[in-house]
Each structure stands twice: as C-alpha cells, then as structure tokens.
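Here is a quick walk through one protein chain, from a loop to a small sheet and then to the empty space inside. Have the model open while you read.

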Amino acid sequence: CLSYARELIEAKLAMLLRHSTIVQVNDVGESQGICYMEMEWVDGLDLARLGEALRELGQRLDLGIAAYVIGELLKALAFAHALDVEGKRETIVHRDITPHNVLISKSGEVKLTDFGIAFMTSDKTAGELVKGKSRYMSPEHVRQVREPCIDIFGVGAIFHELVDGRKFRHTAGSDVDLWAMAFAGDVPTLSIELPAELEELRRGLLAREVVRDV
C-alpha cells in the first residue's frame, strides 16, 4: 500500500490521544492492499449534518447545548495541546477544527475526530502546505503558525456558526473569497445578541494572535 507509511504515522499519533472527548483509534493495518484504521464507533452524526438539518428547519441550536459542545471541544484540545508522552510534554495541533470533525452521539457525547493532518509542534519535518478548511481558518493558520491558537479559532468559528444559525463566513461567494477572509481574519457579525458571558467567550476564541514568522 503506497499510503501505508503515512497512515501508520497518522494512526500512531492518533493512538496517543486517549480521552473521552476524542474518537479513539485502536489499530491500523493493511488488507489486500487497502489500508485501514480500527476506530471507536460513535452512534450519532457529525455537527455539520446537524447544522444543515437545523438550517433547513429554520432553527438554531439551544444556547446551552451550543456552550456544552464548545466546552467538550475545549477539553479535547486541552488534552491534545498538553499531551504527556513518556513524561515529556508534547503539543498536538489538529489543524482542521470544523463541524465535519465533531461527532455528536445519541447519548449526548461530543467527540473530536480526524487527526489525519495533525502534527506535533516539536516535529520540524511536518509538511509546509496549508491544510484544513479555509472557512474556519484564522490568519495564523494561513500563515502556517504551528501553535494551538489555530485550533482555538476553529472552535470559535464553530461556536459562532452554532449560535448564529448560518455558516461561518456565509457571505463568501467562492473559495477565493474564503481564503481572503481567512487571511484577513474576517469574523461575521452575529444575527443575534448573546448573553455577556457567551459573547465574551466567542470573542475570546476568535481573537487574533500576534502573527509571527515561521
């Protein structure tokens, strides 16, 4: 399998992340030339599909539920960003925090999945290409900053989308528009007024960091 080595690296990285808010990867292998990963089954749907269903009905997610989802995502990232690997602290940056990679189970669990383009910040050999979905990217992400702030912005974008009822950066007419918005750090105006505590959380998650050369 030509991609087996890449899949193996991805699986080994993901298998380090043993936390209740992260989809578990149990094994990786190859069968008849096809690579596979054995992963935890989450009986539910991803947040993107849930959001689409709500938009079709003209509804928004309850603010309390939205805050709960964000809290669980932040728990997952707190674990990944401060991972203990044989007594050494490592930072694993996901790089693709989007509704598509957040699973909601029928029992109410929230689980982050797909660390396929993640990297350890200590790994200087990680790819140089900007990876992820531009709709949810921060300026730091576009500039290839290798820090947890790019994941935190993604959480803020998801929170904004959940409470607003519209896709983040919904005014973009093309992929070029999305890249321009990401580069500029564009954050849309909310269509509703949030309670002060939730608005402070939203602004904090979406705040720009100091962009440094990498």
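Let's start with Gln59, which sits in the loop between helix H2 and helix H3 (63–81). Keep in mind that this is a predicted model. Is Gln59 buried, exposed or partly exposed? With a relative accessible area of 43%, Gln59 counts as partly exposed, because that value falls between the 20% limit for buried and the 50% limit for exposed. Gln59 also has a partner that is far off in sequence: Asp164 is 105 residues away along the chain, yet the two C-alpha atoms are separated by 9.8 Å.

Now zoom out for a moment. The chain has seven helices and nine strands. It runs to 214 residues, and 45% of them count as buried. If you take the contacts between residues at least 6 apart in sequence, 65% of those join residues at least 24 apart.

**The three-stranded sheet**

One piece worth a look is an open sheet of three strands, in the order E3-E7-E8, with antiparallel pairing. E3 and E8 are the edge strands, each pairing on one side only. From one strand to the next, the twist averages 25 degrees. As a general reminder, strands of a sheet pair through backbone hydrogen bonds, in either a parallel or an antiparallel way.

Which way do the residues of strand E7 (residues 102–105) point? Val102 and Ile104 go one way, Leu103 and Ser105 go the other, and all of them are buried. E7 has a neighbour in strand E3 (residues 44–46), and these two pair in the antiparallel sense over three bridges. E7 also runs antiparallel to strand E8 (residues 110–112), again with three bridges. If you want to check the register yourself, these are some opposite pairs:

| Residue in E7 | Opposite residue | Strand of the opposite residue |
|---|---|---|
| Ser105 | Gly44 | E3 |
| Leu103 | Lys111 | E8 |
| Val102 | Leu112 | E8 |

E7 and E8 make a hairpin, with four residues between them. Look at Gly108 in that turn: its phi is positive, at about 95 degrees. On the helix side of things, H2 lies across E3 and E7, and runs at about 85 degrees to E3.

**The space inside**

In general terms, rolling a probe the size of a water molecule over the atoms shows where empty space is left. How many cavities of 30 Å³ or more does the structure hold? There are three. The largest cavity has about 100 Å³ of space. It is lined by 13 residues, and the closest to its centre are Gly51, Leu54, Arg55, Glu161 and Leu162.

Where does that lining come from? Helix H2 (47–57) and helix H5 (149–164) each supply at least two of the residues. H2 gives the largest share, with five residues. So the helix that lies across E3 and E7 also contributes to the wall of the largest cavity. By class, the lining is made up of seven nonpolar, three polar and three charged residues.

Terms used: Residues numbered from 1 in each chain as written. Predicted model: local features only at pLDDT ≥ 70, side-chain atom pairs only at ≥ 80, totals over all residues. Heavy atoms only, no water. Buried < 20%, exposed > 50% of the residue type's maximum accessible area, 1.4 Å probe, protein only. Pairing = 2+ DSSP bridges. 1 Å grid on protein atoms, 1.4 Å probe; cavity = no way out; pocket = protein on both sides within 12 Å on 5 of 7 lines; lining within 4 Å. Points joined across faces, edges and corners; volume = space filled by probe spheres on them. Nonpolar A, V, L, I, M, F, W, Y, C, P; charged D, E, K, R; others polar. Axes fitted to C-alpha atoms, helices over the stretch in contact; angles between N-to-C directions. Contact = heavy atoms within 4.5 Å.
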